[in-house]
Each structure stands twice: as C-alpha cells, then as structure tokens.
Amino acid sequence: MTAIDWFLLVARVVVVFFALLVSVLLYIWMERKVIADMQTRPGPLRAGPRGILITLADGIKLFFKEGITPTNADRAVYRLAPVLAMIPAFLAFAVIPFGPTVHLFGREVPLQLADLNVGVLWILAMTSLGVYAIVLAGWSSGSNYPLLGGVRSSAQMISYEVAMGLALVAVLMFSGHLRMSEIVAAQDTIWYVIPQFPAFLIYLVCALAETNRPPFDLAEAESELVAGFHTEYSGISFALFYLGEYVNTVTVSSIAVTLFLGGWRGPWPHGWPVGLGGVVWFVAKVTAVIYVMILIRGTLPRLRYDRLMNLGWKVLIPAGFWWVLTTAAVIALPEQFGRWRGVFIAIGFASAALLLASLVRPLLDRKEVPA
C-alpha cells in the first residue's frame, strides 16, 4: 500500500467514527421528539434549534461530572467495562458497505472500511462481545443489584443470539455469499426482505433484545433493579455505556438494511454523483429502521422476564429453525425434482415442519400436575 492508500483508509476510519457519533446525537434527539409527540408533549426545546443539541449538552454535562468508584469494586475491570461496551459496535460497522465504489486520486475506493470474505461471521462475533461488558460491569461493581442485572442481561442476549444467527443463516443460504458487498450486489433485482420476510421479522425482534431496547430492556428495569448493570456508574463512564447502546442500535439497523433492504441501492437522478446517492439511500433506510424501533418503544410495555425467555426459546428459535429448513428446501429441492415439483415438495415440507412445531409446543408448555 502506498501513502495515498493509507491516507484514504485512515480518512474513511475517521469519517465513519465521527459519522457514528453524530448519528447517535441526532437519533437520540429524534427518539425523544418522536416519543414526546406520541405522548402529546413538546419534548426537548432549549438547546439549539428545536432542541437538536440536547444530546450534546447532556454529553458535556456527563463529561464534567465527578466519577465515583465504589469501595468494593474491582477497579481495573470496573474502568474497562464501559470501553468494552462501545468498541464492539464500532468494529461491527467496519464491514458494512454504506455506499458504492467511488474514484478518488485515480483509485477505486469502496465506501466500506473492510470487505472481509467472512463479513457476516465478523458481525456475529462482534455483536456477541457486547454481553461481556455488561457482565463485567455488573460483577466488578461489588453490589448485588448490578450483578443481578448483568446476569439477566447475559441470559437474555445469549438466548436471542441463537435466533438471530438462524435468521442470518437463512439469508446466507439464499444469497450464497458471506461477503457483505456481494450480498448487497445480489439484491439489485429484489430486496431480500420480500423472499426472506420471516427471517427479517426474527432478526428485528432479536436486534431489539440484543440492544436491550424496550420492550426487552429487562437488564435496566428501574422498577426492579434500580438501574441494572450500570447502577454504580456515573459521569463519563455512564456516558460510554449510553453511547455504546445507541451505536449498537445504529449498527444492528445498518446490518438489517444491508442484509434485507438492499443496502445502499436505490434510484438516483441521472447525472448526480452515484456515491452520494448511495450514502443518502443508506442513511434514509437506517433512519426508517430506527424510527420503527422508536415506535415500538413508545407503544409496547416491558415484557415480564419469563415471557421474554419463552419468546426467545419457544417461539423465535423454533421459528428460525423452521425457516432455515424451508429456505434449504426451496433452494435444493427444485434442483433435484424439477422446478415446480420441487416447489410443491418444499411447501409441503415447510407445512409439515410447522405442524410438528405446533404439536410439540403444547407439550413444552404443559405444567406438571402435583400428585
């Protein structure tokens, strides 16, 4: 790599880093305004035009607040946990293409930090690391309430990671690619949200649970656990947890856009810069997904913990397995038995799997009758 190549790489890293920070500021403001509108109140108005700088003001306030370390805390782990909460979300975004290839300084520059040939596996690895920050924060605080919040969060995230992985497996089988740029290129005729709509729904529910957003915010249920795993955190340490949560929200929304909604692809006027059009479409789609998450937060109440686990293990995971089998049948059977005959066999196979699941579920839900 030449000096210009290194400069372009560093420039992309810096641009993506600051773009994620600015997007978090704007999306938090949008969330507060949308929920305020749903509750018939004005929302933030003071800082900046229409209160758009309220998140920046909150960040500055937290930066200058005193940080208090509990006496019983493990100081090294206690200070490391907020950093671990933020880093995996930034790293997961590295393989997401947010625009087409552009020409700069006589070179083809992809609007993507790293086009790994195992991009989807990289995303699964990075998103699964978020649970470590929560568990370490709860354990290192030296208090029972944060520890309980961390344990609940770890159980929740592990449960929903399985279903999320099954949803992504169905997309990988349908596309035949692990590289994120190739998955976007394969959606030039039809977005995968149409043939893979059940996988999209499973992924969206699991994304809400992975980011601990309502109605799955059991890790920080104020009525039960004071404030969850970050009860003993204040100042900039608390701000890092807050930042990591929203960066993770932007990242999982970007993954949904890339895998199901065509990525950066979209119509653009002839003669306009194609690279700019791709970025605009990508940002618009991510904003739409986050808007849906905000509507869910303002609409649905928090789930009870046993119902949360039942949804993950008894509904989403069986549904994920069923859809993986259905996708495999639709792909493989037409090659063996002919197109239309294979499609009918695939439909019958999927219906049989759904019927079997409906028969097994009552047995799982049946309570033992005391003698």
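**A note on the two largest pockets**

1. Let me start with the second largest pocket: α1, α10 and α11 (274-299) each contribute at least two residues to its lining. Please keep in mind that this is a predicted model.

2. Within that second largest pocket, α1 provides the largest share of the lining, with 8 residues. The lining counts 16 residues, and those nearest the centre are Ala19, Leu20, Ser23, Phe282 and Val283.

3. You may like the chemistry here: the lining of the second largest pocket has 14 nonpolar residues and 2 polar ones, with no charged residue. Its volume comes to about 380 Å³.

4. Now to the largest pocket, whose volume is about 1200 Å³. Its lining is made of 48 residues, with Ile28, Ala239, Tyr242, Leu243 and Tyr246 nearest the centre.

5. Which helices each supply at least two residues of that lining? They are α1 (3-38), α2 (54-64), α3 (75-92), α4 (119-128), α5 (130-140) and α10 (235-260). Of these, α10 gives the most to the lining of the largest pocket, namely 11 residues.

6. As for the character of the largest pocket, its lining holds 27 nonpolar, 10 polar and 11 charged residues. The lining of the second largest pocket, by contrast, includes no charged residues.

7. One last point for your notes: α1 and α10 each supply at least two residues to the lining of the largest pocket, and each also does so for the second largest pocket.

Terms used
Residues numbered from 1 in each chain as written. Predicted model: local features only at pLDDT ≥ 70, side-chain atom pairs only at ≥ 80, totals over all residues. Heavy atoms only, no water. 1 Å grid on protein atoms, 1.4 Å probe; cavity = no way out; pocket = protein on both sides within 12 Å on 5 of 7 lines; lining within 4 Å. Points joined across faces, edges and corners; volume = space filled by probe spheres on them. Helix = DSSP H or I, 4+ residues; strand = E, 2+ residues; numbered from the N terminus. Nonpolar A, V, L, I, M, F, W, Y, C, P; charged D, E, K, R; others polar.
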